[in-house]
Amino acid sequence: YHPGDSILHSIGARSKILLALVCIFVTGTGDGLALLFMFFLCHLGMLVSGIFILDAWKRLAALKILFLVLGVTPLFLTPGAPLYFSNEFSFPVTKEGLECSVFTVSRLACMVWISMILVRTTSPQSLMGIVSGSRSNFFTKSKALQEFVLVGILSFQILPHLLAEAEEKMRACWRDGKVQNKDNRLEALKEMVRSIIMWVVAVLANPER
């Protein structure tokens, strides 16, 4: 969160959350024109909230592995008409797979940017106040729902730190030579997955975490 006097900073937290949910819904269900409009809207929101557009693009690099998996997998697993580059050569990629890959990556990028703008312009105190404040009337009839949303907000704030720690765990596994010493890529992948699973178990087993 960065304090400011922009239009997005001055809008109430409830309105911004509802607006973000609408934008995410349009991003997830819209076609090409809707995604193009959301791309424009996200970049406009970055300019208004004071986020440098180049920095916003660089932040996507933190999720490069996720983007790579979601972008490459549909190329080879989606059935459809194969792409031909010449009469003799055809690439093992379908037209439908390429379209699915572009849409998946674009939607994820927009959702990341929408969340980034929301967090940038909304203080944690105002987010918590919506759920647990004395003037909150969103969840007055359901204490369980109120606590569920409260945990969700806390998790949303903590998740980037956990992702950074997971990435550092993967780098440490690589630096220690546990991956390079494997005979093939499959064994290296198994070792990487095993280390991440052990880290997840250690996190969940610690009540303080």
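These exercises, each with a worked solution, concern a predicted model of a protein.

**Exercise 1. Overall layout**

Find how many helices and strands the protein has, and give their order from the N terminus.

Solution.
- Step 1: Count the elements. There are nine helices and two strands.
- Step 2: Read them from the N terminus. The run is α-α-α-α-α-β-β-α-α-α-α.
- Step 3: Turn to burial. The protein has 209 residues, and 29% of them count as buried.
- Step 4: Look at the surface. Its accessible area is about 14,300 Å². Carbon and sulfur atoms contribute 68% of that area.
- Step 5: Check the range of the contacts. Take contacts between residues at least 6 apart in sequence; 60% of them join residues at least 24 apart.

**Exercise 2. Two helices that meet**

Describe how α2 and α3 cross, and state which residues meet.

Solution.
- Step 1: Pick the descriptors. Two packed helices are described by the angle between their axes and the distance between the axes.
- Step 2: Locate the helices. Helix α2 covers residues 13-29, and helix α3 covers residues 32-49.
- Step 3: Apply the descriptors. The axes of α2 and α3 come within 8 Å and cross at roughly 140 degrees.
- Step 4: Assign the hand. The crossing of α2 and α3 is left-handed.
- Step 5: List the partners. From α2 come C23, V26 and T27. From α3 come A34, L35, M38 and L41.
- Step 6: Sort this contact by residue type. Six residues are nonpolar, one is polar and none is charged.

**Exercise 3. Aromatic pairs**

Classify the two aromatic pairs of the structure, and say where their rings sit in the chain.

Solution.
- Step 1: Start with F39 and W113. Their ring centres are 5.4 Å apart and their planes stand at 90 degrees, so this pair is edge-to-face.
- Step 2: Place both residues. F39 is in helix α3 and W113 is in helix α6 (residues 95-121). They are 74 residues apart, so the pair links distant parts of the chain.
- Step 3: Test burial. F39 and W113 are both buried.
- Step 4: Take W57 and W113. This pair is also edge-to-face, at 5.0 Å centre to centre with 65 degrees between the planes.
- Step 5: Place W57. It belongs to helix α4 (residues 53-59), 56 residues from W113 in helix α6.
- Step 6: Compare accessibility with the cut-offs. Buried means under 20%, and exposed means over 50%. W57 has 43% relative accessibility, so W57 counts as partly exposed. W113 has 0%, so W113 counts as buried.
- Step 7: Join the pairs. F39, W57 and W113 form one aromatic cluster.

**Exercise 4. Two residues and their neighbours**

Decide whether G45 and T122 are buried or exposed, and find what each one touches.

Solution.
- Step 1: Place G45. It is found in helix α3.
- Step 2: Judge its burial. G45 has 10% relative accessibility and therefore counts as buried.
- Step 3: Find its partners. Leaving out residues up to four places away in sequence, G45 touches L8 and I117.
- Step 4: Check a distance. G45 and L118 are 73 residues apart in sequence, and their C-alpha atoms are 9.4 Å apart.
- Step 5: Place T122. It lies in the loop between α6 and α7 (124-132).
- Step 6: Judge its burial. T122 has a relative accessible area of 3%, so T122 is buried.
- Step 7: Find its partners. With the sequence neighbours up to four places away left out, T122 touches Y1, A13, K16 and L127.
- Step 8: Check a distance. T122 and H9 are 113 residues apart along the chain, with C-alpha atoms separated by 6.6 Å.

Notes
Residues numbered from 1 in each chain as written. Predicted model: local features only at pLDDT ≥ 70, side-chain atom pairs only at ≥ 80, totals over all residues. Heavy atoms only, no water. Helix = DSSP H or I, 4+ residues; strand = E, 2+ residues; numbered from the N terminus. Buried < 20%, exposed > 50% of the residue type's maximum accessible area, 1.4 Å probe, protein only. Contact = heavy atoms within 4.5 Å. Areas by Shrake-Rupley, 256 points an atom, 1.4 Å probe, with all protein chains shown as cover. Axes fitted to C-alpha atoms, helices over the stretch in contact; angles between N-to-C directions. Left-handed = near helix turned anticlockwise from the far one by under 90°. Nonpolar A, V, L, I, M, F, W, Y, C, P; charged D, E, K, R; others polar. Phe/Tyr/Trp six-rings, centres within 6.5 Å; stacked < 30°, edge-to-face > 60°.
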